[in-house]
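I opened my notebook to look up three things: nonpolar cores, cavities and surface patches. Here is the structure I worked from.

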Amino acid sequence: MEGSEFLQQSAKRKGRLTRLLALTTLVSTFGSSFQYGYNVAVVNSPAMYMQQFYNQSYFDRYGTYMDSSFQTVLWSLTVSMYPLGGLFGSLMVAPLVNKLGRKGTLLFNNIFSIVPAILMGTSKATKSFEIIIFARIIIGICAGLSSNVVPMYLGELSPKNLRGAIGVMPQLFITIGIVVAQIFGIRSILANEKGWPLLLGLTGIPAIMELILLPFSPESPRFTLIQKGNVTGARAALRRIRGWDDVDDEIEEMRLEDQSEKAEGHMSVLHLFSFRSLRWQLVSIIVLNMGQQLSGVNAIYYYADSIYRSAGVKENDIQYVTVGTGAVNVFMTIAAISIVEALGRRKLLLFGFAICCISCAVLTTSLNLQDNVDGMPYLSIACIIIYVMGHAIGPSPIPYVITTEMFRQSSRPAAFMVAGSVHWLSNFTVGLIFPFLEKGLGEYSFIIFGGICLATFFFIFIIIPETKNKTFLEISQMFAKKNKTEIKLESEHLELHKRNIDECKAVKSTRL
């Protein structure tokens, strides 16, 4: 009870977006999250030229061209190795962030970007398509790490009143990365026979910039205090980030969090699954990440070209319409940043999954009727755009924010490891299964995606609480009720630190 009163008293002053916090956010999201999006889309446009290179390289070695089925297998590997690498990267999150810290892991992760960028950029000169497939695994590891560590790092740096908006920034730069890859992937720019190696190699530039600039940013104060026990370092980092000297309240809140979870100790993934006080948090991030990837977003993009074609869009113009769809994704993610603190995480998730569910249902109908009813192809295009808008405001960005907020310091790395593994495994599963769904069910496959969106909607409605403007400890106390457990704070410890803070403030006031 006393802990709750103290947290409420310490929550009165709102944090602000300081120059250092803004620069750290931009450097980490451009250097890491941007690459995730860029490498999702970068192989789509030059696919024809890359497959010709595969075939020609094979001919130069063996004097005969590849069998078409073998070429299909190689190209499938090229595409699918990226999410598989993402899964491997997610499995590395917990040990790396606990050993190197959040910032240290992001700096180390640039190895997994610069090396494959060089390999892919020189693959044509070395006449080796195997290098591209291998590099896609490594760049996938980079994406798997960055997609988890960047939200964790920024969530721990941000004041709670800005945590949602800053937490959406990684997703914004993922969408920007996709659009940039689509723009560079226009055939008159780099998606051509000469330009595709450069198109693949450009992914190393953000990594080099991050490697140069991120060392000037502080390590997560929560990691510094709770996991390293360095109060002085944490206080100095907080003062730099917040732009003011009086950070006693935040330091105390971190100490209370540390004290409340001392019994848990270092949390491994196995402990996470067996710990009763984290049961619903764990179920929630698994459902949210599965819902995010199994909701059909990748299938929508897969189907988009054929829908644009059936609506009468010229073959050469489809690439420009695709860029336009990506731009809509960016603008709606920017909208999510501006409204997430006003509407909250829960409402955006509910609105987003509801829009995606309705869009899938209407898209199924319009695809069935488009050969018989005039105007149906245009309704299908509208469904795609509305679906992308719905996914961009909730299902795409908010699970990262929620994962950061639901877990405290000792369990957060393991939680991101689980969430990231589910994310990339679901991504890989959709890429593997959807071609068979599309062949067997056709447009009716979107009924399945709509059903997943609906099931996720009801789960959020029943289980997920609103977390905006809450400290990590307050959110843990909210879930403690669902888990039928109790978070205990030692009252003597709490009173002692409250008294110390009050005395320090009194001395400061006297001096002034």
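**Cores.** I began with the largest nonpolar core, which has 114 residues. I noted the residues with the most contacts inside this core: M50, Y54, L272 and F446. Next I asked which helix gives the largest share of this core. The answer is helix α8, residues 129–157, with 16 residues. I then found a second core, separate from the largest one. This second core has eight residues, among them L225, I226, V247 and M254. I keep in mind that the model is predicted.

**Cavities.** How many cavities of 30 Å³ or more does the structure hold? I wrote down three. The largest cavity has about 60 Å³ of space. I listed its lining: S147, N148, N289, P399, Y400, T403, F416, A419, G420 and H423. Then I looked up which elements give two or more residues to this lining. They are α8, α21 (398–406) and α22 (412–441). The largest share comes from α22, with four residues. Helix α8 thus appears twice in my notes: it gives the largest share of the largest core, and it helps line the largest cavity.

**Surface.** Last, I turned to a nonpolar surface patch of about 580 Å². I205, I208, M209, I212, L213 and F216 make this patch. I picked I212 for a check. I212 sits in helix α11, residues 204–213. Is I212 buried or exposed? I212 counts as exposed because its relative accessibility is 53%, and the cut-off for exposed is over 50%. In soluble globular proteins, nonpolar side chains tend to be buried together.

Definitions and conventions
Residues are numbered from 1 along each chain as its sequence is written. This is a predicted model: local features need pLDDT of at least 70, side-chain atom pairs count only at pLDDT 80 or more; totals for chains, interfaces and linings use all residues. Side-chain values use heavy atoms; hydrogens and water are left out. Patches are made of residues with over 30% relative accessible area and no salt bridge: like charges are joined within 9 Å, nonpolar side chains (Val, Leu, Ile, Met, Phe, Trp, Tyr) within 5 Å. Accessible areas come from the Shrake-Rupley method with a 1.4 Å probe; for residues, only the protein chains shown count as cover. A salt bridge is a side-chain nitrogen of Lys or Arg within 4 Å of a carboxyl oxygen of Asp or Glu. Buried means under 20% relative accessible area, exposed over 50%, partly exposed in between (1.4 Å probe, protein chains only). A nonpolar core is a set of buried Ala, Val, Leu, Ile, Met, Phe, Trp, Tyr and Cys residues joined through side-chain atoms within 4.5 Å. On a 1 Å grid over the protein atoms alone, a cavity is a set of points where a 1.4 Å probe fits but cannot get out, and a pocket is an open set with protein on both sides within 12 Å along at least five of seven lines; lining residues have an atom within 4 Å of a point. Grid points are joined across faces, edges and corners, and a volume is the space filled by probe spheres set on the points.
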